[in-house]
Amino acid sequence: MNANSNLERMLMIGGLILLAIFPLLAGKFYLQLFAKIMIMAIFAMSLDLLVGFTGLVSFGHAAFYGVGAYALWLASPKYAATSLYLSLPLAMAASAVAALVIGLLVLRSSGVYFIMVTLAFAQMFFYYVTGAKWLGGSDGVYIYVKPDAALFGWTPFSLENAASFYYLVLLALAATYLVLRLLAGSLFGHALRGIRGNEPRMRALGFATFGYKLAAFVVAGSLAGLAGYLDAAQYGFVTPDFFGWRLSGVVLMMVILGGMGTLYGPVLGAFALVLLQDSLSDATRHWLLPMGIFIILAVLLLPQGIGGLLRRREAEDG
Amino acid sequence: MADSFTFFLIQILNGVQEGLLLFLVASGLTLVFGIMGIINLAHGSFYMLGAYLAFALAAATGNLLVAIMLAIPLALAIGLALEFLLFRHLYRRDHLYQVLLTYGLILVFEESRSLVFGDDVHGVAIPRFLDFSIPLTANLSYPAYRLAMSAVCLLVAGAMWLLIAKTRLGMAIRAGATNREMVQSLGIDIAWVYRAVFALGVALAAFAGMIAAPVASVFPGMGNQILIISFVVVVIGGIGSIKGAFLGSLLIGLADTFGQVLVPQLAGMTVYVLMAAVLVWRPAGLFGSRAA
Amino acid sequence: MTIVNNKESRRRVLKSMAATAGAVAAASFVPVRFAIGQQAKVKLGLMLPYTGTYAALGKNIDDALRLAISEKGGKLGGRDIEYVTLDDESEPAKGSENANKLVSRDKVDFLIGTVHSGVVMAMVKVARDTDTMLIIPNGGVSAATRELCAPNIFRTSFSNWQPAYAMGKVAADQGKKRAVVISWDYAAGKESTDAFTESFTKGGGKTEKELFLPFPGVEFQPLLTEIASVKPDVVYAFFAGGGAVKFVKDYAAAGLKASIPLVGPGFLTDGTLEGQGDAAQGMETTLHYADGLTFPKNLAFRAAFKKATSRDADVYAVQGYDTGTLLLSGLGAVKGDVKARQALVGAMEKTAFDSPRGKFTLSKAHNPVQDFYLRKVQGLENRYVSIAIKALADPATGCKMG
């Protein structure tokens with residue numbers, strides 16, 4: 001584990017420095033693009049807690065992303081700004097609650113049933129919001145003014161500024177990574193990994209596995225809500241597709257392709273997939289075709305994802 | 001009032017028809033799931049494949065029935081090829097990788113469809129001899145083609161039951177579902193059983209797309225909706241159970257139909273609420289034998 | 001069982017894939033467009049559906065717009081034009097991103113689009129946020145010229161409220177008392193059915209039931225059965241494109257055509273008659289355009305459009321054409337100086353359209369004030385019958401301009 005964390009630490013610090021100086025070089029369009037990528041990275045890391053650490057393959061993780069996004073809309077008055085310091089924790093709390101409720105219902109199932117049932121619950125959210133007029137329905141809703149960072153009359157920065165928004169997202173990304181890293185290294189994290197390996201054995205050892213799984217589910221859901229909140233804040237437009245199964249699929253892809261169970265893997269996955277998509281989609285309208293082929297080949301050739309490649313090299317060298 | 005009772009019955013007819021079509025798609029899915037243990041997200045794409053094949057061949061030959069007869073062997077061949085090239089590598093892999101690979105497959109199917117057929121919405125003409133309506137009430141008639149569809153679905157369901165319950169292949173399938181190693185050690189070539197089952201699953205979904213084309217239209221993304229609902233059917237009915245898929249499909253067809261009419265604001269949700277309810281009561285589905 | 005057993009070769013394959021991905025990503029940083037030359041071209045960003053359900057509509061709008069400009073010499077205010085096109089795929093979820101691409105990355109002077117009202121809303125928001133000129137050549141979402149109206153936002157088509165309101169009045173005048181409305185569950189659909197109900201109720205009628213299904217579903221069977229059970233005097237439906245074809249056909253196949261008249265805004269029968277065939281014959285609809293309008297401008301336009309594209313013009317082409325007229329009028333007045341915003345907007349507002357649809361002007365909220373015609377389907381045409389309402393203006397509730 002130690003050889004691993006050296007490389008990981010280098011990667012993370014290097015990456016952080018690069019990301020931190022990026023705004024000095026890039027224009028508005030690319031700032032927004034990278035902010036979007038970092039938001040997806042937060043989303044992917046939160047899913048990794050479930051998939052990579054606990055062995056819970058959720059195909060409905062977008063449910064909590066959507067809750068975070070709609071929470072911002074609900075908290076925002078029509079043509080005025082809501083406070084960042086109130087709405088952000090609110091959004092994370094709302095997604096945590098949603099994850100708690102759904103977790104209680106779905107964590108009784110396992111294997112294939114779990115995958116399907118998480119998908120179904122995300123669909124339930126999708127259809128509910130699509131049909132609900134008070135939530136804007138299928139056309140989605142608009143957030144006309146970004147959240148306001150004013151604190152006791154002093155406004156340190158404005159989220160309308162692309163660079164400020166970028167740094168907020170970078171901060172959130174770093175914080176998410178640190179929190180998850182700490183959890184992973186703690187007893188809680190080890191318990192999760194034990195559950196992933198052999199749940200009956202963990203139960204025999206006296207662990208209340210359901211409680212651990214539920215806790216992981218809630219933490220993951222809450223962080224997904226954070227990502228959804230930032231997405232809504234960035235573009236100011238929220239639709240039922242935020243709950244969509246395609247989004248759940250894309251983030252799952254990022255986790256698996258990037259390398260599950262590593263935390264930095266999903267971040268790499270997010271960068272790779274979004275950048276690939278952005279450059280390919282300009283080249284051809286049918287960019288999903290090479291993307292699909294890439295995924296198929298990756299599964300057939302790469303059991304551990306891009307991150308796994310690095311890990312294996314570490315294990316060999318160290 | 002006799003009048004509203006009549007309409008109630010007609011809605012039941014609508015729901016049953018929807019359920020029967022859904023059964024064709026879901027049965028293929030549950031077979032592949034139950035026998036080979038593979039989650040196949042691209043199953044909806046086979047439905048779309050069938051519809052587009054029917055559309056293209058019907059346009060070329062001018063006759064939907066001829067088109068269907070040509071398309072079925074094509075679908076079987078494609079199923080065999082897919083199993084040989086891709087799916088047989090998935091049997092030992094984690095569900096996770098099956099999900100990922102088949103997700104990539106959906107993308108490939110969708111974009112290939114876009115390249116070959118374009119992105120427009122297409123209609124397929126109902127065969128002339130079925131293009132009439134049967135009056136049911138003073139102001140409402142029922143299209144004969146829909147009745148024909150339901151009849152065909154029932155026939156296929158019956159044929160499947162015969163296959164599984166009364167033939168040697170069916171025996172191998174049932175045996176393979178509970179204990180593959182034993183079947184292999186008995187000398188039955190399990191690889192070919194799997195191949196046949198997979199091709200059958202593909203053909204069933206494609207056939208459903210073919211016969212549904214005149215009433216559902218042929219359009220991009222048509223596979224996705226039916227994919228998710230098929231999964232719900234399989235989860236409700238129990239993985240690997242054809243009986244469960246049949247009952248589950250009918251339940252869903254009825255729930256969806258009545259949901260649209262009685263609670264239009266929550267129409268799309270009824271199916272998932274139903275699933276949640278069944279799972280709370282029976283976590284392995286109504287007829288599920290494996291805790292997957 | 002894995003395909004590649006050799007760790008080394010697996011790594012090699014992966015390294016090359018990663019390298020390719022990295023190279024591709026790096027390539028996206030190289031600026032592809034750089035401005036050469038003195039007199040820069042006017043950049044028109046056309047964000048339209050070039051694929052999918054509305055592809056034919058998008059194409060007609062594009063072609064007619066270019067026709068209008070080429071008829072007057074191919075320049076706007078003396079400047080050459082650069083067209084940047086983007087397929088919006090009728091996806092509201094991608095609307096913001098796509099519009100931002102045109103505005104922030106491609107730096108267009110005018111944002112023009114689109115058909116799907118949900119996408120239009122995204123464009124309106126981006127236009128307001130970035131203060132970019134926006135002309136809507138179709139999407140009738142009322143908010144664009146109501147509470148979200150702005151000096152830089154114009155529309156050359158209609159608001160969803162207008163044709164629906166006209167149809168409601170016609171139905172009420174015909175003595176119908178009970179109606180059922182049905183549409184897709186999105187902004188355009190609901191605005192349309194609500195407007196019909198508004199004027200229908202004013203004329204003494206009542207909407208007994210509202211039926212909706214998710215866009216773009218076309219499985220109407222249970223809803224048709226429900227309509228039969230309610231037995232209204234008239235059914236008002238809002239569908240367009242493939243959905244319109246299917247609904248009208250299914251309506252007839254369910255035997256409802258014989259006993260309950262089906263009406264709607266013109267989109268129900270525009271560009272769809274070939275697919276609908278007998279099922280649509282005799283249907284009445286309302287729209288700001290019709291077949292058989294004898295204005296000289298209309299005859300000339302239809303001939304020119306047919307010559308240029310080998311297709312017959314439709315209402316979408318007319319709207320695209322009038323968008324070209326609006327651009328010519330505005331940029332002509334400021335001699336191509338896009339930066340003279342106030343003068344540009346002022347000139348555009350005062351444009352007196354001599355359109356194939358008839359003469360019309362723009363309201364203070366920048367929406368057309370125009371005549372709405374009652375049409376009846378005869379053969380493959382929506383034949384003009386009479387004027388349903390003259391000079392109908394959208395109420396522009398909530399618009400803070402003027």
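A salt bridge is a side-chain nitrogen of Lys or Arg within 4 Å of a carboxyl oxygen of Asp or Glu. Keep that rule handy, and remember that the model you're looking at is predicted. By this rule, the structure holds 28 salt bridges over all chains.

**Exercise 1. The bridge between chains A and B**

Task: Find which residues form the salt bridge across the interface of chain A and chain B, and work out what the pair joins.

Solution:

Step 1. Start with the count: the rule finds 1 salt bridge across the interface of chain A and chain B.

Step 2. Pick out the partners. They're R246(A) and E110(B), whose side chains meet at 4.0 Å, N to O. The cut-off is within 4 Å, and the pair is listed as a salt bridge.

Step 3. Place each partner. E110(B) sits in helix α4 (residues 95–117) of chain B and R246(A) in helix α10 (residues 245–258) of chain A, so this pair joins two chains.

Step 4. Check how much of each can be reached from outside. With 11% relative accessibility, E110(B) counts as buried, while R246(A), at 36%, counts as partly exposed.

**Exercise 2. The rest of the A–B interface**

Task: Say how many residues chain A and chain B each bring to their contact, and which helix gives the largest share of chain A's side.

Solution:

Step 1. Count the residues: 41 come from chain A and 48 from chain B.

Step 2. Look at the area. The two chains bury about 4,100 Å² between them, and 77% of it is on carbon and sulfur atoms.

Step 3. Add the polar contacts: there are 4 residue pairs between chain A and chain B, both residues at pLDDT 80 or more.

Step 4. Find the contributing elements. In chain A, α5 (111–131), α10 and α12 (288–301) each supply at least two residues of the side touching chain B. The largest share, 14 residues, comes from α5(A).

Step 5. Sort that side of chain A by class: 31 nonpolar, 7 polar and 3 charged residues.

**Exercise 3. Chain B against chain C**

Task: Describe the contact of chain B with chain C, from the residue count down to a single salt bridge.

Solution:

Step 1. Here chain B gives 25 residues and chain C gives 25 residues.

Step 2. The buried area is about 2,300 Å², with 53% from carbon and sulfur atoms. On chain B's side, N139(B), Q260(B) and V261(B) supply 23% of the area buried against chain C, more than any other three residues.

Step 3. Across this interface the rule finds 1 salt bridge. R146(B) pairs with E219(C), their closest N and O atoms being 3.0 Å apart. There are also 9 residue pairs in polar contact, both at pLDDT 80 or more.

Step 4. Now see where chain B's residues come from. α1 (2–36), β2 (141–143), α8 (190–216) and α10 (242–262) of chain B each give at least two, and α1(B) has the largest share with 5 residues.

Step 5. By class, chain B's side has 10 nonpolar, 9 polar and 6 charged residues.

**Exercise 4. Two bridges inside chain C**

Task: For the pairs D63(C)–K59(C) and D322(C)–R357(C), work out how far apart the partners are in sequence.

Solution:

Step 1. D63(C) and K59(C) form a salt bridge with their closest N and O atoms 3.5 Å apart. They're 4 residues apart in helix α2 (residues 55–71) of chain C, which means about one helical turn separates them. K59(C) is partly exposed, at 42% relative accessible area.

Step 2. D322(C) and R357(C) meet in a salt bridge at 2.8 Å, N to O. D322(C) lies in helix α12 (residues 315–333) and R357(C) in the loop between β11 (353–355) and β12 (358–362) of chain C, so this bridge ties together parts 35 residues apart in sequence.

Step 3. Buried means under 20% relative accessible area. D322(C) has 1%, so it's buried, and R357(C), at 3%, is buried as well.

**Exercise 5. Two domains in chain C**

Task: Find how many salt bridges and polar contacts link domain 1 and domain 2 of chain C.

Solution:

Step 1. Set the bounds: the domain assignment gives domain 1 (39–158 + 296–369) and domain 2 (161–287) of chain C.

Step 2. Their contact takes 15 residues from domain 1 and 13 from domain 2.

Step 3. Between these domains of chain C there are 0 salt bridges, but 3 residue pairs are in polar contact, both at pLDDT 80 or more.

Key
Residues numbered from 1 in each chain as written. Chains lettered and ligands numbered in written order. Predicted model: local features only at pLDDT ≥ 70, side-chain atom pairs only at ≥ 80, totals over all residues. Heavy atoms only, no water. Domains from an automatic or database assignment. Contact = heavy atoms within 4.5 Å. Polar contact = N/O pair within 3.5 Å; in protein donor to acceptor, adjacent residues only side chain to side chain. Buried < 20%, exposed > 50% of the residue type's maximum accessible area, 1.4 Å probe, protein only. Buried area = accessible area lost by both parts, 1.4 Å probe. Nonpolar A, V, L, I, M, F, W, Y, C, P; charged D, E, K, R; others polar.
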